[in-house]
Amino acid sequence: MYVILIPSFEKNMMNNKKEMIRELTNTAWSLLKEYDDEYKASLITLEEAQRLASKKIGKMRYGAEGKDYFWITDMKPVMIMHPYRPEMNNLMLEDYKDPQGVRLFIEAIKVVKTMDEGFINYMWQWKDDSTQIVPKLSYVKGFKNWGWIIGTGIYLDDVKAEIGALKGRLTRISLLISAIIILILSFIIRQSLKIEARRKEAEDDLLQSRQKYKTLVEASSEGTIMIKDSRIIFSNQMFEQLSGKTHTELVASKFEDIFSISWEEVLLSCEKTNKSISIETQVKHGETVFHDIVISVTRIFFEEQEAYVVVTKDISRKKQTEKIVQNLSTELQSSLILMNQPISQFVKPIVKTNLQTTVAEAASLMDRKKMNLIFIADDDKMLGVVNDSDLRKRVLAKNKDGKSPLVDVMTSPIICISNTALLYEVVLKLRKQNISHLAVKNDKNEIIGVLSHEDILEIQHNSLSYILREIEYAETVNELKKIYDKIPVLVNALLESGNKTALITHIITSVSDAMTNRIITFALEDHGEPPCQFAFVALGSEGRKEQTIATDQDNAIIFEDVGENNVQKIKNYFLTFAETINNHLAHVGYELCTGEIMAKNPKYTLSLSDWKKQFTSWINTPQPQNIIDTAVFFDFRCIYGDNFFTDELRKHINLLIDKKAVFVYHLAQTVIQYRSPLNIFGNIAGGDNETFDIKKILVPVITFIKVFSLQRKISETNTLQRVEQLLNQNVIQKPMYEELKQAYNFLMGLRFHTQTNALNEFRKPDNTVNIKNLTEIEKSTLKKTFSLISEMQTKLNLEFKGR
């Protein structure tokens with residue numbers, strides 16, 4: 001009763017009273033803001049606003065007797081207004097102390113400077129009775145615009161009175177109960193106290209034992225270390241193997257010598273939550289080897305000081321496996337698509353000879369033509385065919401002379417298939433006939449080529465690789481355009497087969513990157529070697545690896561810093577070089593950016609130093625429109641050239657955002673101020689608003705994830721990879737992670753369907769969705785997406801509250 005119930009009751013009472021004065025102070029604070037808004041609107045002067053606010057708050061009372069009040073000071077501190085102590089008004093209170101020596105007004109300033117608002121304890125007169133001094137708890141909150149502090153408080157006597165009454169009742173009850181059972185329980189109590197004393201003593205010894213934590217660390221099945229005062233004090237064998245260092249070397253090393261992240265960054269993440277945190281980073285093994293790991297950091301108290309247990313999990317093998325699985329899935333899916341393509345584009349030319357040809361002559365001809373199959377013809381009539389297997393089995397195995405006629409060992413009749421057949425039909429016929437080759441006929445019944453079992457296997461197992469190889473070997477921009485024209489067909493087939501958008505965007509990005517690399521190669525051949533190192537950078541959706549069919553170019557060039565005398569000359573080279581690239585990409589099918597965000601624009605081909613200055617300007621002057629206009633630049637990645645430039649630029653941006661967090665705040669505002677067009681479902685028939693832009697619904701989802709990624713210095717640019725990192729770092733929880741993934745995939749899938757439908761109807765693909773074309777399930781999912789956006793806005797409001 002005395003250890004648990006009464007303290008719990010007292011605590012609840014205090015929490016309720018604290019909450020009450022907090023809300024009352026917020027109410028009075030809102031009056032200050034109201035008068036400040038009138039002043040900002042030039043309705044009244046600042047002095048008049050302050051006088052009216054002070055007067056109105058001075059008359060505010062609350063409490064059972066209507067005697068509880070509010071007071072106001074400034075940050076010096078000078079008393080602005082005290083309703084019961086008017087003699088203190090306009091007095092400097094720097095040295096004012098309560099009877100216990102608490103400089104309560106100085107304490108209020110400290111609280112406001114540190115946390116903007118909070119509680120202070122001190123002694124004060126009882127309401128309007130200056131002769132009675134009692135304990136008081138006040139809540140203070142700063143009003144930065146005027147440099148004021150407003151506060152109010154509660155007297156603790158009523159709490160003590162209620163607790164005293166409760167103690168009296170409990171004492172009488174406990175005495176009555178004790179009188180009945182004391183004899184029965186005395187022995188049990190005595191034994192229990194002994195046991196409890198021994199247990200408590202053992203626990204205290206265990207908590208203070210250094211060996212306890214050392215044993216825990218060493219016994220961990222994962223690589224584990226313990227850090228105190230920013231130094232490693234314990235490590236286990238698993239971590240020593242992972243880092244390649246002995247315990248002695250680890251103790252002598254700094255955190256940054258072992259991990260790719262600084263200890264200050266880890267501490268910053270820990271301060272934002274009271275829970276354990278997880279961060280994806282790398283651990284150094286020797287000088288050149290890095291292992292991808294996830295560290296879980298838990299704060300503990302060790303030897304009466306703060307310490308941290310860091311558990312590492314090696315995910316290098318997991319990442320490699322995931323990459324292999326992703327690539328394998330991509331290959332298999334695209335392979336299945338190609339198996340339903342006509343064989344005409346895959347047919348190889350034939351080698352033929354006449355009836356008089358000998359076995360030796362045929363073998364020589366096959367060797368020169370690099371073919372393992374030869375046809376025997378009489379004028380234009382094909383009589384038979386001989387392959388390598390026939391030469392082994394029917395010539396060498398039978399000890400026949402090389403001068404033997406080729407017709408003696410040929411296979412006849414020739415098995416053929418139409419050039420309109422699909423690849424899977426070739427596979428079935430090869431298997432059914434148990435042969436290695438099929439002759440291909442045209443609509444005139446003429447043999448025009450051949451397909452082998454090996455050809456089919458190569459196509460089946462390397463479909464995406466085949467397209468990428470075609471791009472690699474293309475010699476002209478027109479050849480690249482023909483390859484690009486295949487992509488919508490492939491995307492449509494993948495959509496119809498129910499593939500995830502991540503696979504589709506991966507294929508589109510792979511093709512786009514390969515196209516860009518090939519075109520850059522063409523441009524280098526045209527313009528000669530570049531005068532210095534550079535990086536060709538993708539921005540926006542291309543930078544996020546989230547391109548669709550209807551996408552335009554967003555790119556830039558970063559070149560290395562050179563002397564001022566050479567900058568313009570080098571820039572002129574890259575501008576001409578970039579114009580060739582942008583125009584070639586446009587010819588292939590990647591439209592020019594209507595906003596001119598392309599490398600051929602002098603604004604976006606800059607040296608590394610100039611790019612740093614540009615990002616510094618954007619981040620230091622975060623005007624709302626500037627943020628909307630420049631958001632595309634924060635999703636960048638290197639497509640061609642030296643990754644050093646993009647890595648350096650990202651480090652620069654991370655440092656800037658650390659110092660200028662207001663930029664992330666303003667970026668968050670673009671999501672917070674977004675209004676979901678829910679009315680699009682209110683007038684489907686005959687309304688004026690029957691279409692909407694699906695891209696505009698994607699933007700707040702992508703930006704929400706981007707905000708926290710920039711805040712947490714996540715280097716990934718892809719939205720799905722970013723959101724996975726946010727889950728690993730406990731920025732978002734599993735339910736929101738799943739909902740964000742589903743919403744993103746749904747919106748991207750709807751976007752792909754819209755664009756492929758436009759192509760099928762011979763229209764230019766765009767992002768406009770007609771509500772009439774949506775199913776009820778799609779409408780319902782879209783509504784749930786808007787609900788998720790509301791949740792995102794709430795989370796951002798909480799994250800950036802008071803900034």
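**View 1. A cis proline sits in the loop at Pro77.** Pro77 falls between strands β1 (70–74) and β2 (79–81); strands are DSSP E runs of at least two residues and helices are H or I runs of at least four, numbered from the N terminus. The peptide bond from Lys76 to Pro77 is cis, with omega near 10 degrees. This is a predicted model, where local features need pLDDT of at least 70, side-chain atom pairs count only at pLDDT 80 or more, and totals for chains, interfaces and linings use all residues. Residues are numbered from 1 along each chain as its sequence is written, and side-chain values use heavy atoms, leaving out hydrogens and water.

**View 2. Pro413 also follows a cis bond.** Here the bond runs from Ser412 to Pro413, with omega near 0 degrees. Look for Pro413 in the loop between α12 and β14 (416–418). As background, most peptide bonds are trans, and most residues other than glycine have a negative phi.

**View 3. Ser230 and Lys370 take positive phi values without being glycines.** Ser230 has a phi of about 65 degrees and lies in the loop between β6 (223–228) and β7 (231–235). With 40% relative accessibility, Ser230 counts as partly exposed (buried is under 20% relative accessible area, exposed over 50%, partly exposed in between, with a 1.4 Å probe and protein chains only). Lys370 has a phi of about 55 degrees and belongs to the loop between α11 (359–369) and β12. At 71%, Lys370 counts as exposed.

**View 4. Strands β12 and β13 form a hairpin.** β12 (residues 373–378) runs antiparallel to β13, and 6 bridges join them; DSSP has to find at least two bridges for strands to pair. Asp378 stands opposite Lys381 in β13. There are 2 residues between the strands, and in this hairpin Asp379 takes a positive phi near 60 degrees. β13 (residues 381–387) is mostly covered, with 5 of its 7 residues buried.

**View 5. Acidic side chains gather in a negative surface patch.** The patch is made up of Asp378, Asp379, Asp380, Asp443 and Glu446; patch residues have over 30% relative accessible area and no salt bridge, with like charges joined within 9 Å. Asp443 comes from the loop between β15 (437–441) and β16 (447–452), and at 76% relative accessibility Asp443 counts as exposed.

**View 6. Helix α12 holds the Asp390–Arg394 salt bridge.** The two side chains meet at 3.7 Å, N to O; a salt bridge puts a side-chain nitrogen of Lys or Arg within 4 Å of a carboxyl oxygen of Asp or Glu. Asp390 and Arg394 are about one helical turn apart because they are 4 residues apart in α12 (residues 388–396). Asp390 is buried at 9%, while Arg394 is partly exposed at 33%.

**View 7. Glu591 and Lys764 make a long-range link.** Their closest N and O atoms are 3.3 Å apart. The pair ties together distant parts of the chain, 173 residues apart: Glu591 is in the loop between α20 (564–588) and β19 (605–607), and Lys764 is in the loop between α27 (734–760) and β22 (768–770). Glu591 is partly exposed at 38%, whereas Lys764 is exposed at 58%.

**View 8. Arg544, Glu546, Asp635, Lys706 and Arg722 share a salt-bridge network.** Across the structure there are 20 salt bridges.

Technical notes. Patch = residues over 30% accessible without salt bridge, like charges linked within 9 Å, V, L, I, M, F, W, Y side chains within 5 Å. Areas by Shrake-Rupley, 256 points an atom, 1.4 Å probe, with all protein chains shown as cover. Lys, Arg positive; Asp, Glu negative; His and termini not counted. Charge placed at Lys NZ, Arg CZ, Asp CG, Glu CD.
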